[in-house]
Amino acid sequence: MIPADGIGREVLPAARQAFEALGSDIPKPQFVDLDAGFEFFTRHGVALPEETVEALSKDCNAAMFGAVSSPSRKVTGYSSPIVALRKKLDLYANIRPVSSVKGTPGPDVDMYVKQEKIEDGLTGKEARATRLITEYASRRIGKMGFEVALARGGRRGKPPTLTVVHKSNVLSVTDGLFRETVRGVPALPEIAGKYDGVVVNEQLVDSMVYRMFREPQ
């Protein structure tokens, strides 16, 4: 079990209790706690210790990973431990079962979503394409975002708000440039306080998609 950061330290103990409550329905599991994550990096200078990789390779039949509190901006020496773990253990397939609950209203869903996780943009290696993010394009779309926020400001009694959506916790160079450039638009000399009334938030793209479904308002 690798609690790692943040909510991982809360959900993995609960998951362990759930496994133990199954009793004789499954072989009795033995649990080993292993280290990884940004908090571990801040203390020891490494996000994924070799001891964790070795234990997973030699002593474990399965693993549960909690969560990683990756920084939004580049931190010297740090890289995502979950990405490194995929590479070291060749965990190339992310398989997600999706099925509806029998007896509930709605369509009958029974599918598996499979994502290749080794040769992916998140690893920094592309087969045919190079990801291009420029300061010019980021600033231009950022200005447009602020203008739209101003034009829509005051609706439903809320201040004008702009949310910067990115993946800079993993794509720290490209999305990091986008994030910093958009957030820096109000400080441009030619803007001169025009956007001071705009509330600026930011959200990782993964959680933003979740919120768009759960909290579309």
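A residue counts as buried when its relative accessible area is under 20%, as exposed when that area is over 50%, and as partly exposed in between. Val 205, with a relative accessible area of 34%, is therefore partly exposed. Please keep in mind as you read that this is a predicted model.

## Helix H7 and the nonpolar patch

Let us stay with Val 205 for a moment. This valine sits in helix H7, and it helps to build a nonpolar patch on the surface. Its partners in the patch are Val 165, Val 209, Met 212 and Phe 213, and the patch covers about 470 Å². Which element gives the patch its largest share? That is helix H7, spanning residues 205-214, which contributes 4 residues.

Helix H7 also takes part in a salt bridge. The side chains of Asp 206 and Lys 167 meet at 2.6 Å, N to O. Asp 206 belongs to helix H7, while Lys 167 lies in the loop between strand S5 (161-166) and H6, so that this pair, 39 residues apart, links distant parts of the chain. Are the two partners buried or exposed, or something in between? Asp 206 has a relative accessible area of 47% and is partly exposed, whereas Lys 167, at 15% relative accessibility, counts as buried.

## Salt bridges across the structure

How many salt bridges does a search of the whole structure find? The search finds 11. Three of them are set out here, with the N to O distance of each pair.

| Salt bridge | N to O distance |
|---|---|
| Glu 20 and Arg 16 | 3.3 Å |
| Asp 206 and Lys 167 | 2.6 Å |
| Arg 179 and Glu 202 | 2.8 Å |

The pair of Glu 20 and Arg 16 stays inside one element: both residues lie in helix H1 (residues 8-21), 4 residues apart, or about one turn of the helix. Glu 20 is partly exposed at 45% relative accessibility, and Arg 16 is partly exposed as well, with a relative accessible area of 30%.

The bridge between Arg 179 and Glu 202 connects two elements. Arg 179 lies in helix H6 and Glu 202 in strand S6 (residues 199-204), so the pair ties together parts that are 23 residues apart in sequence. Arg 179 has a relative accessible area of 6%, which is under the 20% limit, and is therefore buried. Glu 202, with 25%, is partly exposed. These two residues also belong to a network: salt bridges with shared partners join Arg 179, Glu 180, Arg 183 and Glu 202.

## How H5 and H6 meet

Helix H6, the home of Arg 179, has a helix partner to look at too. Two packed helices are described by the angle between their axes and the distance between the axes. For helix H5 (residues 135-152) and helix H6 (residues 174-183), the axes come within 8 Å and cross at roughly 45°. This angle is neither under 35 degrees nor in the range of 65 to 115, and it is not over 145, so H5 and H6 are oblique to each other. The crossing in which H5 passes H6 is right-handed.

## Phe 65 in strand S2

One more residue rounds off the tour. Where does Phe 65 lie? Its place is in strand S2, which covers residues 65-67. Phe 65 is partly exposed, its relative accessible area being 25%. His 44 is 21 residues away from Phe 65 along the chain, and their C-alpha atoms are separated by 19 Å.

Methods
Residues numbered from 1 in each chain as written. Predicted model: local features only at pLDDT ≥ 70, side-chain atom pairs only at ≥ 80, totals over all residues. Heavy atoms only, no water. Patch = residues over 30% accessible without salt bridge, like charges linked within 9 Å, V, L, I, M, F, W, Y side chains within 5 Å. Areas by Shrake-Rupley, 256 points an atom, 1.4 Å probe, with all protein chains shown as cover. Salt bridge = Lys/Arg side-chain N within 4 Å of Asp/Glu carboxyl O. Helix = DSSP H or I, 4+ residues; strand = E, 2+ residues; numbered from the N terminus. Buried < 20%, exposed > 50% of the residue type's maximum accessible area, 1.4 Å probe, protein only. Axes fitted to C-alpha atoms, helices over the stretch in contact; angles between N-to-C directions. Left-handed = near helix turned anticlockwise from the far one by under 90°.
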